[in-house]
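Open the model in your viewer and keep the sequence panel visible. The stops below are given in the order in which to select them.

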Amino acid sequence: ITGLSVGGLPDGTVDADTLASNAVTTAKLPAGSTLQTLSTTKTDVTSSYAGSLAVWNTGLTVDIQPSHANNKILICGYVQISIAGPQHNIGVLLNKDGTIIDGYRGDASGSRTRNGTLGHNMPDGGYDNYTAAIHFNYLDTAGSTSAITYGVSVRNPSGSARTIYMNRANTDTDNQYHYRTASTITVMEIKV
């Protein structure tokens with residue numbers, strides 16, 4: 001046999017053409033490997049008229065089909081949100097197949113409202129032409145190998161019904177001082 005040396009095959013001996021199709025399977029990858037990454041970016045404007053403390057499922061979603069039920073799904077991204085009035089504590093939650101993920105919100109404590117993370121749309125006291133960029137990041141367990149839809153929900157923090165806007169400010173007249181933004185959600189399957 002020629003071409004072999006002490007320590008194994010020389011560099012470049014085994015390349016993609018030499019490997020059988022699908023020879024490196026998921027089972028052979030080490031724990032912590034990213035198996036797939038999927039993302040959705042929403043660039044259009046959407047809104048909902050939400051009651052006091054009501055939660056709106058924004059329609060910002062992404063689908064993933066895990067390869068193993070025990071694998072982890074890393075969910076990250078951000079939403080651009082505005083709500084009429086100087087609103088503090090705009091809540092963002094994550095949902096799995098339309099149900100709020102309980103592990104991604106604060107513990108229950110009396111009548112306190114539970115959220116995953118918070119933002120506000122009133123820097124320096126102004127809010128009419130500002131959008132809150134609210135980031136999120138959570139590591140979930142897949143739980144099955146069926147397709148999963150992950151989504152982003154927003155809570156109206158007001159005691160009154162309000163219109164919640166995604167990707168635009170509350171004031172939206174046609175001029176250079178008002179704008180359009182994008183919101184995104186990304187999921188990654190991580191092998192355990």
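**A charge over a ring**

Select Arg 168 and Tyr 165: the charged end of Arg 168 sits over the ring of Tyr 165, 3.7 Å from the ring centre. A charge counts as sitting over a ring if NZ of Lys or CZ of Arg is within 6 Å of the ring centre and within 35 degrees of the ring normal.

This is a predicted model, in which local features need pLDDT of at least 70 and side-chain atom pairs count only at pLDDT 80 or more, while totals for chains, interfaces and linings use all residues. Residues are numbered from 1 along each chain as its sequence is written, and side-chain values use heavy atoms, with hydrogens and water left out.

**The whole chain**

Zoom out and colour by secondary structure. The chain has zero helices and 11 strands, where helices (H or I, at least four residues) and strands (E, at least two) are DSSP runs numbered from the N terminus. Along the sequence the pattern reads β-β-β-β-β-β-β-β-β-β-β.

Next, show the surface. The chain exposes about 10400 Å², 49% of it supplied by carbon and sulfur atoms; accessible areas come from the Shrake-Rupley method with a 1.4 Å probe, and for residues only the protein chains shown count as cover. Of the 192 residues, 35% are buried. Buried means under 20% relative accessible area, exposed over 50%, and partly exposed in between (1.4 Å probe, protein chains only).

Contacts (heavy atoms within 4.5 Å) can be sorted by sequence separation. Among those between residues at least 6 apart in sequence, 82% join residues at least 24 apart.

**Thr 58 and Lys 42**

Select Thr 58 in strand 3 (residues 55-64). Is Thr 58 buried or exposed? Thr 58 has a relative accessible area of 5%, so it counts as buried. Leaving aside neighbours within four places in sequence, its contacts are Lys 42, Thr 46, Val 152, Ser 153, Val 154 and Met 166. Add Ser 48 and take the C-alpha to C-alpha distance to Thr 58: the two are 8.2 Å apart in space and 10 residues apart in sequence. A polar atom of the Thr 58 side chain lies 3.2 Å from the backbone nitrogen of Leu 60.

From Thr 58, step to its contact Lys 42. Lys 42 forms a salt bridge with Asp 44, with 3.2 Å between the closest N and O atoms. A salt bridge here is a side-chain nitrogen of Lys or Arg within 4 Å of a carboxyl oxygen of Asp or Glu. Lys 42 is buried at 15% relative accessibility, whereas Asp 44 is partly exposed at 37%. The structure holds six salt bridges.

**Lys 96, Asp 140 and Asn 71**

Now select Lys 96 and Asp 140, whose side chains meet in a salt bridge (3.0 Å, N to O). This pair links distant parts of the chain, with Lys 96 in strand 5 (residues 90-96) and Asp 140 in strand 8, 44 residues apart. Lys 96 is partly exposed at 22% relative accessibility, and Asp 140 is buried at 9%.

Keep Asp 140 and add Asn 71, in the loop between strand 3 and strand 4 (72-83). Asn 71 is buried, with a relative accessible area of 3%. Beyond neighbours within four places in sequence, Asn 71 is in contact with Leu 35, Asp 140, Thr 141, Ala 142, Glu 189, Ile 190, Lys 191 and Val 192. The Asn 71 side chain also makes a polar contact with the side chain of Ser 67 (3.5 Å). A polar contact is a pair of N or O atoms within 3.5 Å; within protein, one must be able to donate a hydrogen and the other to accept it, and residues adjacent in sequence count only if both atoms are side-chain atoms.

**The loop between strand 6 and strand 7**

Select Arg 114 and Asp 102, which form a salt bridge with closest N and O atoms 3.1 Å apart. Both residues lie in the loop between strand 6 and strand 7, so the pair ties together parts that are 12 residues apart in sequence. Arg 114 is buried at 19% relative accessible area; Asp 102 is partly exposed at 42%. Add Arg 105: salt bridges with shared partners join Asp 102, Arg 105 and Arg 114 into one network.
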